[in-house]
Amino acid sequence: MKIKLKNIIKAKHDFWHFIETSPLTYSERLSKKYKANIYLKREDLQHVRSYKIRWAFNLINSLNDKEKKAWVVCASAWNHAQWVAITCSHLKINGTIYMPITTPEQKVYKTKQFWWEFVKVILVWDTFDEAFKESKKFEEKNWATFVHPFDDERIITWQATIGLEIYDELEKDPDYIICPIWWGWVISWLISITKDLEKKTKIIWAEPSWALSMKTSLEKWENTTLEKIEVFVDWASVARVWEKTFNIANDYWLKIIPCPENRVCSTILEYLKEDWIVIEPAWALSTDALKDIKDDIKWKNIVLIVSWSNFDFERLQEVKERSMKYEWLKRYFLVSFPQRPWALKDFLSCLWKHDDIARFEYLKKSNKNRAPVFIWIETDEKKNWEKITNKMNELWFKHRDVTEDELYFDLLV
């Protein structure tokens, strides 16, 4: 499938009054850190804080009168849902939106603001893929129009207007454009615009390391469904990419960088601390990918597409914990404590000047001479762990590092 450049230009022309041109801002912090010219395409500054504002209205408004009188349905983890709801209410069209029941409460709350009298929201199952299946059942049963969040030529055409804006705003063509893995629009506008305008820009996609559906599919030369994925990085984590997207990617050279989820959390906190920019896990992927290609991008012009500042602050503690785990600044231990006086004092001698106990759980259940203690320890330097564990061994404190045990993490954080 090839999206025609003239259709992308027409889409931008038809809706320029409705969709803002988001700014392309120079990041002094990232540019200095990576010795490159790095720009942020700030789609998070759009209305509803997402670039998805660009296409739901375009698709629904393009329906004929008969389709507009019937029902529309979609599946979404939020942003697409929000804009479909706004559009349905604005055009007075009945719509049903399926969302995973695991969608963060803040996102459900914000979407409810656009329910009004025309839109019904249904929470189902755990993942987007399951919500998608339920929405397709509704489509068949009710003869509804399915508003796809990405795998539709009309949607990809409107998404691709971001590419036009980048080339219009940047004086010199970017050497690389980096974006989170998404279901088609980046590849589509790259093929349509870069080739048609004879640009030499290379595209790099960042994908969550625990949901490498696109990377796996390209390596196997067929669209492959993953048996198991980690959904921490919201919408970027899917078990299977969409057919149009895979076909486009399979016909074009595409570099994909796996990004560890816990490292992505460090990237989120860097934005929050250094730039006062609130960014969701999925849209931290493009910036996080820089850590793997820092030697290749020196002195290059880089554009990072940033969207979705609709961060659920209830997740902030988990993000912090994941980041500290990745940076080796916090570890969780099970320690066998001797049941004798001064045992705790002896253990404290294992810690150094800037080490701290963040959690200590101890319960004497019997007259046994030892009892398990669950301890969280924080430090300011990664190298301190060797000294801490060596000291525990020296004092005969049997211990096990359970930091990477996800069951412990899910139970306690």
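The legends below describe three close-up views of a predicted model.

**View 1. Helix α5 and the elements packed around it.** Helix α5 covers residues 79–91, and at 1.5 Å a residue its 13 residues should span 18 Å, which agrees with the 18 Å between its end C-alpha atoms. The helix is mostly covered, with 11 of its 13 residues buried; among them are H80, W83, V84, I86 and C88. These buried residues pack against two helices, α3 (56–61) and α6 (105–112), and against the strands β3 (72–75), β4 (95–100) and β5 (119–124). Just after α5, K92 takes a positive phi of about 60°.

**View 2. The surroundings of W71.** W71 lies in the loop between α4 (65–69) and β3, and it counts as partly exposed because its relative accessibility, 33%, falls between the 20% limit for buried and the 50% limit for exposed residues. Leaving aside neighbours within four places in sequence, W71 is in contact with N94, G95, T96, F138, A144 and T145, and a polar contact of 2.7 Å joins the side chains of W71 and T96. Although W71 and N142 are 71 residues apart in sequence, their C-alpha atoms are 7.5 Å apart in space.

**View 3. A nonpolar patch on the surface.** L344, L348, F360 and Y362 together make a nonpolar surface patch of about 350 Å², and the elements that give two or more residues to this patch are α16 (343–348) and β12 (356–362). F360 has its place in strand β12, and at 33% relative accessibility F360 counts as partly exposed.

Definitions and conventions. Residues are numbered from 1 along each chain as its sequence is written. This is a predicted model: local features need pLDDT of at least 70, side-chain atom pairs count only at pLDDT 80 or more; totals for chains, interfaces and linings use all residues. Side-chain values use heavy atoms; hydrogens and water are left out. Patches are made of residues with over 30% relative accessible area and no salt bridge: like charges are joined within 9 Å, nonpolar side chains (Val, Leu, Ile, Met, Phe, Trp, Tyr) within 5 Å. Accessible areas come from the Shrake-Rupley method with a 1.4 Å probe; for residues, only the protein chains shown count as cover. A salt bridge is a side-chain nitrogen of Lys or Arg within 4 Å of a carboxyl oxygen of Asp or Glu. Helices (H or I, at least four residues) and strands (E, at least two) are DSSP runs, numbered from the N terminus. Buried means under 20% relative accessible area, exposed over 50%, partly exposed in between (1.4 Å probe, protein chains only). The expected span of a helix is 1.5 Å times one less than its number of residues. Contact means heavy atoms within 4.5 Å. A polar contact is a pair of N or O atoms within 3.5 Å; within protein, one must be able to donate a hydrogen and the other to accept it, and residues adjacent in sequence count only if both atoms are side-chain atoms.
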